[in-house]
Amino acid sequence: MTPMSPGSPAETDHPETDALFAAFIRRLAQDASTLRAIDLGEVDAILDPVSSRAILLPETREALRQGVVVPTNQMLATLPAEEYQRLLAAGLEPVTLAFGDLLHEPGELIQHLYFPSAGLLVSLLTTLQDHRALEVGLVGCEGMVGLPVAQGIDTSSVRAVVQGPGQALRMESSRFRNALEISPVLQRTFHHYTYALIAQITQTAVCNRFHQVEARLARWLLLASDRLQSNPLRFTHEALADLLGVRRVGITVAASTLQQQKLIQYSRGNIKILDREGLKASTCECYQKIKDIFDHV
Amino acid sequence: MHRQRTVKPADPTAIAAVRMMRLYVVGGAPNSVQALANLERICQQHLQGPYQLEIVDVLEQPLRALADGVIVTPSLIKQSPLPVTQVVGNLSDPGQVLLALGLPGNSP
């Protein structure tokens, strides 16, 4: 074991030693920005130049020992550390979701809000009485499912269904509402996301009405890959047809055209984007408009 | 953990403009994971040109961190274009990161 520098306390679970440890860390970190980061709880370890080793902060040791879930959800990741810790303490919990899991149904109480991690994809569908449904929004690790709760509404107007399985952090609606009431930072984050999601939904409505299937398919694949942060994607023609509100044959023709142009490769439900820039050029303006809005909130 | 990610330039003559960054982390630690997620988001949204991001775990390579003047993790170092700049913390403030990267900030 590499020795620590003189005066550096040993790492133990005793509060007194941890206090000494904190003082030792502050001696090493002398510039204002580093001290500020330590005060905000945004530091994991400190480098000891005498022993030439990295020393974990007590909080980091505890988090690594407990296997604390770290958000890859972008809304949670952009929160200050203390806000995220507050949500964890208020009941944010990890959950694994499978393809087809129904998170919310129209008119039903929203029990939980979901913050997808990278890899999870959730479709927001508007349904009709004849059981037809059309996708109006797509949520991945950039956003969350259950937005009405943040606006003080406890029921969903859409069906939220898992399209790409993965992990999420979820929270009971009542607990989330309490956490939101006392946090201006959290409120601002959700106001920005509300604006972006409404923009996505309205742009999708226009796109579905005016644009060709091929452009709409390209738009959907680009949005899905942005949110999944993966390539290839796994979707059947039938699933895509349902999401885009077109006949299956329409998706088959559009996918074939994109494949002939060497923009995508399609095989047994695996869709691989070969030429992202080319796919952007083949889609309508809607993809870029939606992306720009999410990028700027 | 030591991995490197390069977004290749379309034009080989543009290689001089490649933005090179190094992120010092502790693998799996909360702030380090958040820093990486935040940095990836910022790069995706604001970096138009090619860039190279190297991720270094200080538990495995503490001497590299010390040689780069790193005192705490997470720390992001922009190596090129010059001047070399550094941001510490979990990079939850996009404005601060954009400033260090020498990019115009338009985040809220």
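Helices, taken as H or I runs of at least four residues, and strands, taken as E runs of at least two, come from DSSP and are numbered from the N terminus. With that in hand, a good place to start is just after α2(A), where A:Gly41 takes a positive phi of about 75 degrees. Please keep in mind throughout that this is a predicted model.

**Helix α2 of chain A**

The helix that comes just before A:Gly41 spans residues 32-39 of chain A, and its buried residues are A:Thr34, A:Ala37 and A:Ile38. Viewed down the axis of α2(A), these buried residues fall within an arc of 100 degrees, so they line one face of the helix. Turned away from that buried side is a face with the exposed residues A:Ala32, A:Arg36 and A:Asp39.

**A sheet built from both chains**

Now to the strands. Three of them make an open sheet in the order β2(A)-β1(A)-β4(B), and the pairing is antiparallel. The edges are taken by β2 (53-56) of chain A and β4 (72-73) of chain B, each of which pairs on one side only. Between β1 (residues 45-48) of chain A and β2(A), the antiparallel pairing runs over four bridges. As one example, A:Ile46 has A:Ile55 in β2(A) as its bridge partner.

**How the chains meet**

The contact between the chains involves 31 residues of chain B and 39 residues of chain A. Together the two chains bury about 2,900 Å², with 59% of it on carbon and sulfur atoms. On the chain B side, B:Gln34, B:Arg41 and B:Ile71 lose the most area to chain A, together 20% of what that side buries. How many salt bridges link chain B and chain A? The count is zero, although the structure holds 13 over all chains.

**Salt bridges in chain A**

Here are three of the pairs, with the N to O distance for each.

| Pair | N to O distance |
|---|---|
| A:Glu83 and A:Arg86 | 3.2 Å |
| A:Glu142 and A:Arg227 | 3.4 Å |
| A:Lys291 and A:Asp295 | 2.9 Å |

A:Glu83 and A:Arg86 both belong to helix α5 (residues 81-90) of chain A, where three residues, about one turn of the helix, separate them. A:Glu83 is buried at a relative accessible area of 8%, whereas A:Arg86 is partly exposed at 38%.

The pair A:Glu142 and A:Arg227 reaches across the chain. A:Glu142 sits in the loop between β7 (133-139) and α6 (147-150) of chain A, and A:Arg227 in helix α9 (residues 213-228) of chain A, so their salt bridge ties together parts that are 85 residues apart in sequence. Both A:Glu142 and A:Arg227 are buried.

A:Lys291 and A:Asp295 lie four residues apart in helix α13 (residues 285-296) of chain A, which puts about one helical turn between them. A:Lys291 counts as buried at 15% relative accessibility, and A:Asp295 is buried with a relative accessible area of 13%. Over in chain B, salt bridges that share partners join B:Arg22, B:Glu54, B:Arg64 and B:Asp68 into one network.

**Confidence**

For the model, ipTM is 0.79 and pTM is 0.62. Chain B has an average pLDDT of 79, and 81% of the residues score at least 70. Where in chain B is confidence lowest, and where is it highest? The lowest mean, 54, belongs to strand β1 (residues 2-7) of chain B, and the highest, 92, to β4(B). Residues 8-16 of chain B have a pLDDT below 50, and beyond near neighbours in sequence this stretch has three contacts in the model.

Definitions and conventions: Residues numbered from 1 in each chain as written. Chains lettered and ligands numbered in written order. Predicted model: local features only at pLDDT ≥ 70, side-chain atom pairs only at ≥ 80, totals over all residues. Heavy atoms only, no water. Pairing = 2+ DSSP bridges. Buried < 20%, exposed > 50% of the residue type's maximum accessible area, 1.4 Å probe, protein only. Arc of directions from axis to C-beta. pLDDT = per-residue confidence, 0-100. Contact = heavy atoms within 4.5 Å. Buried area = accessible area lost by both parts, 1.4 Å probe. Salt bridge = Lys/Arg side-chain N within 4 Å of Asp/Glu carboxyl O.
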